[in-house]
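Me: Please give me a close look at one part of this model, the nonpolar patch on its surface. Then set that part in the context of the whole chain.

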Amino acid sequence: QTVTKSETDIKCNECKGTLLQPHTAISLNLDVAIKIHGYHGKDMENVDKLWRVEKLTDFENVSVSRPVPFAGNQQVIAALLQLENIDTDKNLEQYQLRYLMCSGPPMDLSALFKNDTSNEQKQNLQKLLTTPHRCEKLIIGCAVFEGQDYRFGYLVQTRVHV
């Protein structure tokens, strides 16, 4: 596999919100593609170009799903084993695969706290906060957890913008 560091911000394809700052992700070109759920979460797809993120705190605008059940799902188990080089003698039940989604577009909420903001402006901002954005439902990558502890995250390169 070929490895290089991100040189610029990595952003959401949909809302252009920043997901990662420069130099916080490593580009991976896998020799053998892995299968994970597609962008819309329905079908599985082959993925061979990923951004690997070592620290959960490096993400800026990302939400993490509940654990994806994979007992008996050989595709997910194979992806987990390939991504993390987990010893197959270990109990795989302690590992979790979770999906990553963008948390939505960046918003300037400072108007909510200003005295000269009209009620209508405040209501419009409140509506923006409570209305889900399209990108909040799209899978942009996955994260591997051991128990409740984050190990590594992976963003699919074709699902984000550099």
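Reply: A nonpolar patch joins side chains of Val, Leu, Ile, Met, Phe, Trp or Tyr that lie within 5 Å, from residues with over 30% relative accessible area and no salt bridge. The model is predicted.

Start with the patch itself. Met 107, Leu 128 and Leu 129 form it on the surface. Together they offer about 260 Å² of accessible area. Met 107 sits in the loop between β7 (95-102) and α2 (119-130). Why can Met 107 count towards a patch that needs over 30% relative accessible area? Its relative accessible area is 34%, so Met 107 passes that cut-off. Met 107 is classed as partly exposed.

Next comes α2, the helix that follows this loop. Of its 12 residues, 1 is buried, so α2 lies largely in the open. Its length also checks out. Allowing 1.5 Å a residue, counted over one less than the number of residues, α2 should span 16 Å, and its end C-alpha atoms are indeed 16 Å apart.

Past α2, the loop towards β8 (139-146) holds Arg 134. The side chain of Arg 134 meets that of Glu 14 in a salt bridge, 2.9 Å from N to O. This pair links distant parts of the chain: Glu 14 lies in the loop between β2 and β3, 120 residues away from Arg 134. Both partners are partly exposed: Glu 14 has 31% relative accessibility, and Arg 134 has 46%.

Glu 14 leads to the strands on either side of its loop. β2 (residues 10-12) runs antiparallel to β3, and 2 bridges join them. Ile 10 stands opposite Leu 20 in β3. These strands belong to an open sheet of 3, ordered β3-β2-β10 with antiparallel pairing. β3 (18-20) and β10 (160-161) are at the edges with a single partner strand each, so one side of each has no neighbour in the sheet.

A second salt bridge involves Lys 11 and Asp 9, with the closest N and O atoms 3.9 Å apart. The cut-off is 4 Å, so a gap of 3.9 Å still counts. Lys 11 is partly exposed at 24% relative accessibility. Asp 9 is partly exposed too, at 23%. Arg 151 and Glu 146 make another salt bridge, at 3.4 Å from N to O. Arg 151 is partly exposed at 22%. Glu 146 is partly exposed at 26%. The total count is 4 salt bridges, these pairs among them.

Now the whole chain. The protein has 2 helices and 10 strands. From the N terminus, the elements run β-β-β-β-β-β-α-β-α-β-β-β. The C-alpha atoms fill a box of roughly 65 × 35 × 30 Å along the principal axes. Of the 162 residues, 42% count as buried. Among contacts with a separation of 6 or more, 68% come from residues 24 or more positions apart.

The patch can be set against the full surface. The protein exposes about 9,400 Å², and carbon and sulfur atoms supply 48% of that area. The patch has about 260 Å² of accessible area.

Technical notes:
Residues numbered from 1 in each chain as written. Predicted model: local features only at pLDDT ≥ 70, side-chain atom pairs only at ≥ 80, totals over all residues. Heavy atoms only, no water. Patch = residues over 30% accessible without salt bridge, like charges linked within 9 Å, V, L, I, M, F, W, Y side chains within 5 Å. Areas by Shrake-Rupley, 256 points an atom, 1.4 Å probe, with all protein chains shown as cover. Helix = DSSP H or I, 4+ residues; strand = E, 2+ residues; numbered from the N terminus. Buried < 20%, exposed > 50% of the residue type's maximum accessible area, 1.4 Å probe, protein only. Pairing = 2+ DSSP bridges. Contact = heavy atoms within 4.5 Å.
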